[in-house]
Amino acid sequence: MAGTLVVAELSEGKVRKSTFSAIAFAKQVGAPFAVLSLGAGASEAAKDLVAFGAQKVLTVDDPSFKDYVCERVAPTVAKIAKDGGWDTVVLPASTFGKDLAPRVAAKLGAGYAPDINLVKVEGGARRYRRPTYAGNAFSWLEIATPVHVVSVRQTEFPAAEPSGGASPIEAVPRAPDDAAAARVQFVKLEVGKSERPDLGEARVVVSGGRSLKEQFKQVLEPLADALGTALGASRAACDAGYAPPELQVGQTGRTVAPQLYVAVGISGAIQHIAGMKGSKVIVAINKDPEAPIFQIADYGLVQDLFVAVPELLKELKG
Amino acid sequence: MKILVAVKRVADPDNLNKIKLSAQGKVDTTGLEPKPSPYDDYALETALRLTENGTNTKARLGEVVVVTFAPKDAEQMLRAMLGTGADRAIRVDATDDALDGDLVARGLKGIVEKEKPDLVLLGYQQAESESNEVGQMLAEYLGWPQATFVGHIQSEDDKALLVGREIEGATAQVRVTLPAVVTVLDKIVKPKSVQSKHTPATHAYPEGVRFAALMAIMAAKKKPLAELKLADVAADATLKVKYGAAELPPKRAAGVKVKDVKELVAKLKTEAKVV
Ligand SMILES: Cc1cc2nc3c(=O)[nH]c(=O)nc-3n(C[C@H](O)[C@H](O)[C@H](O)COP(=O)(O)OP(=O)(O)OC[C@H]3O[C@@H](n4cnc5c(N)ncnc54)[C@H](O)[C@@H]3O)c2cc1C
Ligand SMILES: Nc1ncnc2c1ncn2[C@@H]1O[C@H](COP(=O)(O)O)[C@@H](O)[C@H]1O
């Protein structure tokens, strides 16, 4: 049947929040939709997906999907899309979705709209909009094939809220792996250990640049604690080892769009801005009045950060 | 090891905030210097590191072929890449308007079938369209394994690669048996990110990509640069995706400079209401 197949992103058997952005897309385009929960523990996770108005929640609960390997997962996603006659397959534009979606599209002979920030349905036609040129243009595209594959940006598709009801859960079989799967061996996952909120989901992000040097944690953590928030960093700060790599914000780091983004000693290179300019309110603290970050900051403070941050902390607490 | 590197020429990635829109609503990059997409430059550097002993970068222990789908003036970029160490270059004649990621992937498949490389390296995404799709589609069309978002590669006897895939908050370590498709991030050009079997484990590269010596640029003039038609590598040139007009994202309203921390906090509390 025509409609949308939402591919859920699971992590250790739990539904990741990015999934609800993909569901939000499905609700926006309006056609009936199903959600596919696929992985180890997928049937348990499916229970968290039944209250969003999906026609059904499909599950492929398979221990061999425990560690994500595209060459295992893609054939099953493509087969379920084809068998169900779904004309749109949507995934979150996380590294999971961005890795998987193009392979699925190629299997289905479908056009792919990557990393979209808006969809417009006009008459029968659907147009997708996406940031390009490091976020300096929004490009519109149309897909010429009957089946569409789409990945949606979590920052522009706010998570769908449960709408009640209980979609039926239906277990479906998996398809055989791609032959190439025999040539991929998942070795291990090295997880950065951070007790702070996830960057992609935090309401406030405090980010620091290379200028913080070895005092990155010492200066910024109390501020982040005071704001109850996530820490981010520029690539230069990560490269120099002042901040762990998973904190990097920007084109090759995380894309964030919190209510408040505080850039501390960050110059505002184009690749950094690409990852944070969707933030609602941007504050920049930098001692150079000409720093490019001030061109996009709502509130700019020209001051030495080692003076400004402790003062800010005092003022917030006071 | 024989490596094919796919490279895209783009408008100066450090100045993309200077793009304009044409009267037809197309992105206009006039005035921006054409350059290789940075991640493709890193893919080339990766290929060079995998096919040499880092302590003697003059001897190529393998073959590196660069390929682009672009108009004739992209030959300058290919020549420069031959100067930095690639052995051969291929240009498939095409304009951006006649391509989408799917067609580039199908075209690359045609080239892989002729060239039979052990590895195809690509940037994880190109700097203009940022589609992040060509490598994955190519892998599917070839029936090969794919490793995307790669920031670390260790070559095991040139038969398999142990790669680090950078995903949200973690690194996934995966072993892929060649032939395979790998797409790289900027982290791949850190001093110890690529460990080839030829280079002593203690060797550290300078950060970033290498530059061609003048002598090498002269010598590269004699290296082969082949030109192909799109029809030679992809039978069907139908596009699956069509880009229409673009728009400029909403400009952020000009912000204010506050005079001190007190004023900043006051504004955050009463004006922006975010703390
Ligand atoms: C292909 C590519 C991809 C990239 N991807 C990313 C990415 O994803 N994310 C990213 O962040 N970068 C990325 N970069 C790097 C980017 O171009 C910049 O180099 C980087 O963002 C700069 O980091 P920074 O602002 O910390 O350092 P700098 O540019 O060195 O700026 C430091 C700033 O701190 C200020 N400062 C110094 N001391 C003080 C003080 N005491 N008080 C207040 N201010 C002070 C200075 O005025 C300056 O503005 C990428 C680059 C390339 C080429
Ligand atoms: N026109 C092209 N010619 C050669 N390689 C390309 C071309 N377009 C994309 N690529 C390769 O595919 C990678 C990913 O591009 P994309 O999927 O378009 O973001 C690029 O970094 C290049 O390695």
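Student: Which residues are the closest to ligand 1, and how many surround it?

Tutor: In this predicted model, 29 residues surround ligand 1, and the closest are A:Ser234, A:Ser267, A:Gln271, A:His272 and A:Asn286. Residues from chains A and B take part, so the site is shared between chains.

Student: Which helices supply at least two residues of the shell around ligand 1?

Tutor: Helix H6 (235-239), helix H7 (270-273) and H8 of chain A each do, together with helix H1 (38-50) of chain B. The largest share, 3 residues, comes from H1(B).

Student: What polar partners does ligand 1 have in A:Arg210, A:Val249 and A:Gln271?

Tutor: A polar backbone atom of A:Arg210 is 2.8 Å from an oxygen atom of ligand 1. A nitrogen atom of the ligand lies 2.8 Å from a backbone N or O atom of A:Val249. In A:Gln271, an N or O atom of the side chain is 2.7 Å from an oxygen atom of ligand 1. Taken alone, the ligand exposes 980 Å², of which the protein buries 83%.

Student: How should one read the pattern of buried residues in H8(A)?

Tutor: An α-helix has 3.6 residues a turn, so residues three or four places apart point the same way. In H8(A), the buried residues are A:Leu305, A:Ala308, A:Val309, A:Leu312, A:Leu313 and A:Leu316. Seen down the helix axis, they fall within an arc of 135°, so they line one face. On the other side, A:Lys314 and A:Lys317 are exposed.

Student: What do the buried residues of H8(A) pack against?

Tutor: Their partners include helix H5 (216-227) of chain A and helix H7 (261-271) of chain B.

How values were computed
Residues are numbered from 1 along each chain as its sequence is written. Chains are lettered from A and ligands numbered from 1 in the order in which they are written. This is a predicted model: local features need pLDDT of at least 70, side-chain atom pairs count only at pLDDT 80 or more; totals for chains, interfaces and linings use all residues. Side-chain values use heavy atoms; hydrogens and water are left out. Buried means under 20% relative accessible area, exposed over 50%, partly exposed in between (1.4 Å probe, protein chains only). Helices (H or I, at least four residues) and strands (E, at least two) are DSSP runs, numbered from the N terminus. The arc is that of the directions from the helix axis to the C-beta atoms. Contact means heavy atoms within 4.5 Å. A residue is near a molecule or strand if one of its heavy atoms lies within 4 Å of it. A polar contact is a pair of N or O atoms within 3.5 Å; within protein, one must be able to donate a hydrogen and the other to accept it, and residues adjacent in sequence count only if both atoms are side-chain atoms. Accessible areas come from the Shrake-Rupley method with a 1.4 Å probe; for residues, only the protein chains shown count as cover.
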